[in-house]
Amino acid sequence: MKFFRSIANYLSILFLVWLIFANFDISFDRNVIRLYATSEPSDIGNKDIIGFSRQVPLGVLEVRLRHGSVQITKDFVVSTYKNCLIVDLKNWTCMESNGTCVFGIYEGVYYTWACQHISPFEKYTFVTRLRYIVLGCSWDWEGGPQQMFTCALRPFVN
């Protein structure tokens, strides 16, 4: 009986550590904000295991402020925008060089204005880190029980 109690204690501690890492983005660079991108919610098709409309995790975008410009990194591709007004990491605005599109982040929320083409964020829906990890785990679950090992590692590698 003592053996099962100690295993339960270890699993409880592991779950708490998993939740902490799933909730908090631990980054030592104060000039970077990470945005967790998913596909647009779809009303067509199945719901995931916790009842949300089906979304697909698309990756993490890193927004970095550097020398009066905004750099956006997605899949190791860096796009730099220089025509920007920057207050801080969670409040900035950029304008395309021809002035036709304005986009940015206001109090941590992405916005776009008068864009006739796709801005850097237009095709994404952004969710919290925890939601992004849980969404990835719901896709892992559909891959079968062997994929749950991937879910256990998600907070530490995303």
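Is N23 buried, partly exposed or exposed? The legends below get to that residue after a quick look at the whole chain.

**View 1. The whole chain, a predicted model with three helices and eleven strands.** This is a predicted model, where local features need pLDDT of at least 70, side-chain atom pairs count only at pLDDT 80 or more, and totals for chains, interfaces and linings use all residues. Residues are numbered from 1 along each chain as its sequence is written, and side-chain values use heavy atoms, with hydrogens and water left out. Starting at the N terminus, the elements run α-β-β-β-β-β-β-β-β-β-β-β-α-α. Helices (H or I, at least four residues) and strands (E, at least two) are DSSP runs, numbered from the N terminus. Of the 158 residues, 35% are buried; buried means under 20% relative accessible area, exposed means over 50%, and partly exposed is in between (1.4 Å probe, protein chains only). The chain exposes about 10500 Å², with 62% of that supplied by carbon and sulfur atoms; these areas come from the Shrake-Rupley method with a 1.4 Å probe, and for residues only the protein chains shown count as cover. Among contacts with a separation of 6 or more, 46% are between residues 24 or more positions apart. Contact here means heavy atoms within 4.5 Å.

**View 2. N23 of helix 1 and its partners from further along the chain.** N23 sits in helix 1 and is partly exposed, since its relative accessible area is 38%. Setting aside residues up to four places away in sequence, N23 touches R129 and L130. N23 and R129 are 106 residues apart along the chain, yet their C-alpha atoms are separated by 6.0 Å.

**View 3. Helix 1 against helix 2.** Two packed helices are described by the angle between their axes and the distance between the axes. For helix 1 and helix 2, the axes come within 7 Å and cross at roughly 120 degrees. That makes helix 1 oblique to helix 2. As for the terms, axes are lines fitted to C-alpha atoms, for helices over the stretch in contact, and angles run from 0 to 180 degrees between N-to-C directions. Angles under 35 degrees count as roughly parallel, over 145 as roughly antiparallel, 65 to 115 as roughly perpendicular, and the rest as oblique. Helix 1 brings W18, F21, A22 and N23 to the contact, and helix 2 brings R129, L130, I133 and C137. Sorted by class, that contact has six nonpolar residues, one polar and one charged. The classes work like this: Ala, Val, Leu, Ile, Met, Phe, Trp, Tyr, Cys and Pro are nonpolar, Asp, Glu, Lys and Arg are charged, and the others, Gly among them, are polar.

**View 4. I133, a buried residue of helix 2.** I133 belongs to helix 2, and with a relative accessible area of 0% it counts as buried. Neighbours within four places in sequence aside, I133 is in contact with W18, A22, R154 and P155. The C-alpha atoms of I133 and R154 are separated by 6.4 Å, with their positions 21 residues apart along the chain.

**View 5. Helix 2 (residues 129–142) alongside helix 3.** These two axes come within 8 Å and cross at roughly 170 degrees, so helix 2 and helix 3 are roughly antiparallel to each other. On the helix 2 side the contact uses R129, I133, G136, C137, D140 and W141, and on the helix 3 side M148, T150, C151, R154 and P155. Those residues divide into six nonpolar, two polar and three charged.

**View 6. Helix 1 (residues 2–23) crossing helix 3 (residues 148–157).** Here the packing angle is about 50 degrees and the axes are 8 Å apart, so helix 1 and helix 3 are oblique to each other. V17, W18, F21 and A22 of helix 1 meet C151, A152, P155 and F156 of helix 3. By class, the contact has eight nonpolar residues, no polar ones and no charged ones.

**View 7. The loop with D75 and F76, between strand 5 (69–74) and strand 6 (77–81).** Most residues other than glycine have a negative phi, and most peptide bonds are trans. D75 is not a glycine, but has a positive phi of about 55 degrees. F76, also not a glycine, has a positive phi of about 65 degrees. D75 counts as exposed because its relative accessibility is 55%, and F76 counts as exposed at 85%.
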